[in-house]
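User: I'd like to learn how to read helix packing and sheet order in a model. Could you walk me through it?

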Amino acid sequence: MENALKLDGKRVLITGASRGIGAMAARCVGALGGEVVLVDLLSCAALRDEFNGRGIRAQSFQADVAKRAELEQVAAACGPVAAAVACAGICPFEDWLSDSGWDEIFHQVMDVNLLGPINVARVWLPRLVAQGGGKLVMVGSIAGRMGGTSPIVQPHYVASKGGVHALVYWLAQRYAPKGVRINGVAPGPVETEMTATTPYDTARFPLGRRAKPEEIAWPIAFLCGSGADFMSGAILDVNGGLFVG
Ligand SMILES: NC(=O)c1ccc[n+]([C@@H]2O[C@H](COP(=O)([O-])OP(=O)(O)OC[C@H]3O[C@@H](n4cnc5c(N)ncnc54)[C@H](O)[C@@H]3O)[C@@H](O)[C@H]2O)c1
C-alpha cells in the first residue's frame with residue numbers, strides 16, 4: 001500500500017512562508033518529499049537556500065498577497081503546483097473603539113487576510129483545474145470560530161478569519177467537481193512572532209499551552225497530499241481542544 005501522506009514529486013506553494021506556521025509548513029512538505037515555492041512580503045531566500053542545500057527543490061518569491069498581479073507573476077515564473085497554501089496573515093491589535101486610524105487598519109487586515117486567500121484562489125484555481133486537479137489549503141483561525149482567545153484580539157481579525165472559513169465552503173462546493181479539493185485549518189494560539197506578546201490565559205487551555213508551529217504545519221501538509229483526497233470544504237480545528245463544535 002502506498003503511503004498517502006508522502007508528497008514525493010509534488011510542488012507546494014505556500015504564502016507567508018518566511019517564518020512562523022508558513023515556514024514550518026514548508027519544512028513539513030520538504031520532509032514528506034515535496035518541492036516548495038516560498039512566497040512572502042519578506043525574503044525567503046535564506047530558507048530557499050537551506051532547502052536547496054539539503055537537496056529539497058525550493059524557489060522563493062517576494063510578493064504581496066493583497067496584489068493579485070504580483071501573484072500572477074509568481075504563478076507564471078514558478079511553474080505548475082500540486083497544491084497552494086494561503087497562510088500569509090496579519091493580526092494588528094489596535095483597539096477598534098479608541099484608535100482613530102482603525103478604519104485603515106481594518107482594510108489592511110481584510111486585504112491581507114481575506115483578499116489575499118481570494119487572490120491565491122483566483123490565480124491558482126484555474127491552473128489547478130486545467131491540469132486536472134489539486135489542493136488548496138487556507139489558514140483560518142479559532143478566532144473565526146469563536147471570536148478569539150485573547151482579550152485583545154480585535155474584530156477585523158476575527159471577521160477576516162470567519163470570512164476565510166466561509167470562503168473555503170463557497171469554493172469547495174464549486175471546485176470539488178472540477179477536481180480541486182479546498183480545505184482549511186483553524187489553529188488555536190500558536191507560538192509565533194504574530195502572537196509573541198499577546199496575553200493568553202493558558203491555564204484555562206485544555207492542554208495548558210499554545211501550539212508549536214509544527215503542530216499546525218503537519219495538518220496543513222496532510223491536506224496537500226492524497227491522504228486528504230476525500231476531504232472537501234473541511235476546516236480542521238487544530239486548537240488543543242480549546243474550541244469544540
Ligand atoms: N500565531 C497564531 O496564534 C495563529 C493562530 C491562528 C491562526 N494564525 C494564522 O496563521 C497564519 C500564519 O501566522 P503566523 O503565526 O505564522 O504569523 P507570522 O507573523 O509569524 O507569519 C506571517 C507571515 O505572513 C507574511 N505576510 C504578511 N503580510 C503579507 C502579505 N501582504 N503578503 C505576503 N506575505 C505576507 C509575513 O511576512 C510573515 O512571514 C496567519 O494567517 C495567521 O492569521 C495564527
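**Reading the fold**

Analyst: Happily! The chain averages a pLDDT (the predictor's confidence in each residue, from 0 to 100) of 97, and 100% of the residues score at least 70. This is a predicted model, with local features needing pLDDT of at least 70, side-chain atom pairs counting only at pLDDT 80 or more, and totals for chains, interfaces and linings using all residues. Residues are numbered from 1 along each chain as its sequence is written, and side-chain values use heavy atoms, leaving out hydrogens and water.

User: At what angle do α1 and α7 pack?

Analyst: Two packed helices are described by the angle between their axes and the distance between the axes. Here, helix α1 (residues 20–31) and helix α7 (residues 213–224) pack at about 55 degrees, with axes 8 Å apart. Axes are lines fitted to C-alpha atoms, for helices over the stretch in contact, and angles run from 0 to 180 degrees between N-to-C directions. Helices (H or I, at least four residues) and strands (E, at least two) are DSSP runs, numbered from the N terminus. The angle makes α1 oblique to α7 (under 35 degrees is roughly parallel, over 145 roughly antiparallel, 65 to 115 roughly perpendicular, the rest oblique).

User: What is the strand order of the open sheet?

Analyst: Its seven strands run β3-β2-β1-β4-β5-β6-β7, with parallel pairing (at least two DSSP bridges between two strands). β3 (58–62) and β7 (235–238) are at the edges with a single partner strand each, so one side of each lacks a neighbour in the sheet. Neighbouring strands are turned by 15 degrees against each other on average, direction ignored.

User: How many bridges join β5 to β6?

Analyst: Six bridges link β5 (residues 134–139) and β6 (residues 180–187), and L136 stands opposite I182 in β6.
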